[in-house]
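Work through the exercises below with the sequence and the 3D view open. Each task is followed by its solution in steps.

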Amino acid sequence: MSKVTVIGAGNVGATCANVLAFNEVADEVVMLDVKEGVSEGKAMDMMQTAQLLGFDSTLVGCTNDYAKTANSDVIVITSGIPRKPGMTREELIGVNAGIVKSVAESALKYSPNAIVVVISNPMDTMTYLALKSLGLPKNRIIGMGGALDSSRFKYYLSQALGCNANEVEGMVIGGHGDTTMIPLARLATYKGIPVTQLLSKEKLEEVVKATMVGGATLTGLLGTSAWYAPGAAGALVVESIIHNQKKMIPCSVALEGEYGESDICIGVPVILGKNGIEKVVSLELNAEEKELFAKSAAAVRGTNAVLKEINVL
Ligand SMILES: NC(=O)c1ccc[n+]([C@@H]2O[C@H](COP(=O)([O-])OP(=O)(O)OC[C@H]3O[C@@H](n4cnc5c(N)ncnc54)[C@H](O)[C@@H]3O)[C@@H](O)[C@H]2O)c1
């Protein structure tokens, strides 16, 4: 039996659980939250869609009862506060670091072999915190950000090209922040045709910029951070692990010399399978991309340093 636990049954966590159940990614999906009754209510509401939508996965909600999460294959962490308009993801660190560390420790007591997927922001730093504090091998700690940023990149590319987003390929690497992410326009394609041949330099720059502030644009419209694409992106990562699909997805992972970086978790393409990170894929970056990556890593390191200042690490 396959089982996934999603911690935090708020906007992102509940959406992720909903997509996981709807796509029958796991036999059982558990949602856990601190808010009394919320995850139970959402699980019941979603279970009442099972016969409408025709899925057979079971959803369970629980208020802080980690025993119900026992023997999960994957633990997805979405608990914490989201950003409000005008805030950066990095400003969430003080509150979210304590939450992420404590929920991960509690969940791992009941699922010692689980793979941990971190979604809470600032995601690269929360992933690094999980890596440093949980004592798990690096293949079992995965930060989700690149899957979402890449889907936003493909969306904006498809808008610029006037085409179906499913026919566009593209990847965003680097940190999961408005100024740290790196949409790789040079490598993006439409049906195998480089988008650099189809869009002007100026148009591509617009697409890259829109992608980078894609989360902030939605936060401005919604009054809180987005959840449909983030939840679905989390489910995509979980599916590749649970079904051993070996998909290549950019994720925040521990680097040990790859891309010239060590002692950091940052977004790079990885192959995801039953062991979590099966392989870090090395891309040939050009000089400009290498410089952007080094700058992005320096910014992520700056945020990681706060973990020591606030005594969480
Ligand atoms: N990595 C990404 O790509 C990405 C994308 C969107 C949002 N996020 C982040 O995901 C997080 C969740 O966002 P959201 O919009 O779902 O927020 P939300 O406020 O809707 O949900 C967060 C939930 O966490 C719960 N929670 C808080 N402390 C908890 C604890 N100790 N144990 C269990 N549950 C607890 C809250 O009760 C709440 O229900 C935020 O940090 C947000 O910035 C990340």
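The exercises concern the ligand site and two backbone features of this predicted model.

**Exercise 1.** Determine which residues come nearest to the ligand and how the shell divides by residue type.

Solution. Start with the residues that have a heavy atom within 4 Å of the ligand. There are 28 residues around the ligand, and Asn 11, Val 12, Asp 33, Ile 81 and Met 144 come nearest. Next, sort the shell by type: 14 residues are nonpolar, 12 are polar and two are charged.

**Exercise 2.** Find where in the chain the shell residues come from.

Solution. Take the helices to begin with. Helix H1 (11-22) and helix H4 (93-110) each give the shell at least two residues. The largest share, three residues, is that of H4. Then turn to the domains: domain 1 (3-144) and domain 2 (146-309) each contribute at least three residues to the shell.

**Exercise 3.** Identify polar atoms of the protein that pair with the ligand, then state how much of the ligand is covered.

Solution. Look for N or O pairs within 3.5 Å. On the backbone, a polar atom of Asn 11 is 2.9 Å from an oxygen atom of the ligand. A backbone N or O atom of Val 34 is 3.5 Å from a ligand nitrogen atom. From a side chain, an N or O atom of Asn 121 lies 2.9 Å from a ligand oxygen atom. As for cover, the ligand on its own has 860 Å² of accessible area, of which the protein covers 89%. The space that the ligand takes is the largest pocket.

**Exercise 4.** Locate a cis peptide bond and a non-glycine residue with positive phi.

Solution. Check omega: the bond between Asn 121 and Pro 122 is cis, with omega about -5 degrees. Pro 122 sits in the loop between strand S5 (115-118) and helix H5 (123-134). Asn 121 is also the residue whose side chain pairs with a ligand oxygen atom. Now check phi: Glu 24 is not a glycine, yet its phi is positive, about 50 degrees. Glu 24 is placed in the loop between H1 and strand S2 (28-33).

Technical notes: Residues are numbered from 1 along each chain as its sequence is written. This is a predicted model: local features need pLDDT of at least 70, side-chain atom pairs count only at pLDDT 80 or more; totals for chains, interfaces and linings use all residues. Side-chain values use heavy atoms; hydrogens and water are left out. A polar contact is a pair of N or O atoms within 3.5 Å; within protein, one must be able to donate a hydrogen and the other to accept it, and residues adjacent in sequence count only if both atoms are side-chain atoms. Accessible areas come from the Shrake-Rupley method with a 1.4 Å probe; for residues, only the protein chains shown count as cover. On a 1 Å grid over the protein atoms alone, a cavity is a set of points where a 1.4 Å probe fits but cannot get out, and a pocket is an open set with protein on both sides within 12 Å along at least five of seven lines; lining residues have an atom within 4 Å of a point. A molecule sits in a cavity or pocket if more than half of its atoms lie within 2 Å of its grid points. Helices (H or I, at least four residues) and strands (E, at least two) are DSSP runs, numbered from the N terminus. Ala, Val, Leu, Ile, Met, Phe, Trp, Tyr, Cys and Pro count as nonpolar, Asp, Glu, Lys and Arg as charged, and the others, Gly among them, as polar. Domain bounds come from an automatic or database domain assignment.
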